[in-house]
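Thanks for coming. I have a few slides on one structure, so please look at the sequence and the model first.

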Amino acid sequence: MDTLDLETLLANLMALTIGCGVLYIYTARWRRERAMRKLAYELDCNYKQKDPSLLDQYAKFFTLQVGHGPKVNNLLTRQEGEGTICIFDLTYIAHERIQNMRKGHVRLKTVIVLSHPRMTMPHFYIRPETAIDKVRENFGGAFHAFQQFKEGINALTGQRLKELNDHVNRDPSIQQWLNSDEIELLHDRPFSDAHWIKGHDRDAIINFLRAPITRCIAAEEDLIWEGLQTTFLVSGTKNQISHKDIPHYVKVAREFMNQVLADSKPDQGSL
């Protein structure tokens, strides 16, 4: 009898644990919304649960051109003098191929956007370099030949290779940009070796990424940086940024903006 009671107790505890786990997962969205509303109050920001127009507003940024069906949630906005700050969660579906099966997984990302009319930046995209990037550098010719082989198959059959991951439908200029060579900073090899740098105007990016700017970027690991003209985006390389850590990354973004503003000031001696 004692043995039966013990087995029943263990079964009930296991069922309770599983139930709590399922409940925790299904209430994640509600808990995140509640935490972001509280954060909006603490940061003196306006809160909006959803805003589909934001994707159109920042359509030129590669950071937001990921996955399928992207949606903006938990939007926090604040006017700071001439500048604006925007914080939001991005939800999208990433498709992966396992043999001949295509599976979709929901991905979550937090994005921090700062804009200021006096900032001047070329279009750049910087993230920590990965092992795959190193392989691409060492075997760039093989990657290029394989890409040509894929295009040849597509031209002959009208179909993509089923075993390969599907590319997101991106603007052709962005796709060409991603397939181009990585930008290297000969004046800052440690930074260049640790980061994957892309952009449209190579010379402008090299001139922009000088010591004060690269120090701001290198000070924080696991962040993706993208800038264009008067706006830049900061996001994590992994999932959502915890609401507890967002104030820290907002501070990091402000420091970067101040440095860009300092570098964007006109040379007084040339007037």
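**Strand β7 and its surroundings**

Ile224 stands opposite Ser235 in β8. Keep in mind that this is a predicted model. I will start from that pair and work outwards.

How many bridges join β7 to β8? There are six, and the two strands run antiparallel. Strand β8 covers residues 231-236. The connection between β7 and β8 is a hairpin through one residue.

There is also strand β5, residues 121-128, which is joined to β7 by four bridges. That pairing is antiparallel too. For a concrete contact in it, take Ile126, whose bridge partner in β7 is Trp225.

Is β7 mostly covered or mostly open? Mostly covered: of the seven residues in 223-229, six are buried. As a general remark, side chains in a regular strand alternate between the two faces of the sheet.

Now the backbone. Gln229 belongs to β7, and its phi is near 60°. That is a positive value in a residue other than glycine. Asn74 is another case: its phi is positive, about 50°, and Asn74 is not a glycine either. Asn74 sits in strand β2, residues 68-80. Is Asn74 buried or exposed? Its relative accessibility is 6%, so Asn74 counts as buried, the cut-off being under 20%.

Next, the surface. Which residues form the nonpolar patch with Leu108? They are Ile93 and Val106, and the three together have about 240 Å² of accessible area. Leu108 lies in strand β4, residues 101-115. Because its relative accessible area is 34%, Leu108 is classed as partly exposed; that class lies between 20% and 50%.

Last, the empty space. Rolling a probe the size of a water molecule over the atoms shows where such space is left. How many cavities of 30 Å³ or more does a search of the whole structure find? One. The largest cavity holds about 30 Å³ of space.

Its lining consists of Leu43, Cys45, Arg78, Glu80, Ile85, Ile87, Val250 and Arg254. Which elements each supply at least two residues of that lining? They are β2, β3 (83-98) and α10 (246-264). Strand β2 has therefore come up twice, as it is also where Asn74 is found.

That is all I have; the slides stay up for discussion.

Notes:
Residues numbered from 1 in each chain as written. Predicted model: local features only at pLDDT ≥ 70, side-chain atom pairs only at ≥ 80, totals over all residues. Heavy atoms only, no water. Buried < 20%, exposed > 50% of the residue type's maximum accessible area, 1.4 Å probe, protein only. Pairing = 2+ DSSP bridges. Patch = residues over 30% accessible without salt bridge, like charges linked within 9 Å, V, L, I, M, F, W, Y side chains within 5 Å. Areas by Shrake-Rupley, 256 points an atom, 1.4 Å probe, with all protein chains shown as cover. Salt bridge = Lys/Arg side-chain N within 4 Å of Asp/Glu carboxyl O. 1 Å grid on protein atoms, 1.4 Å probe; cavity = no way out; pocket = protein on both sides within 12 Å on 5 of 7 lines; lining within 4 Å. Points joined across faces, edges and corners; volume = space filled by probe spheres on them.
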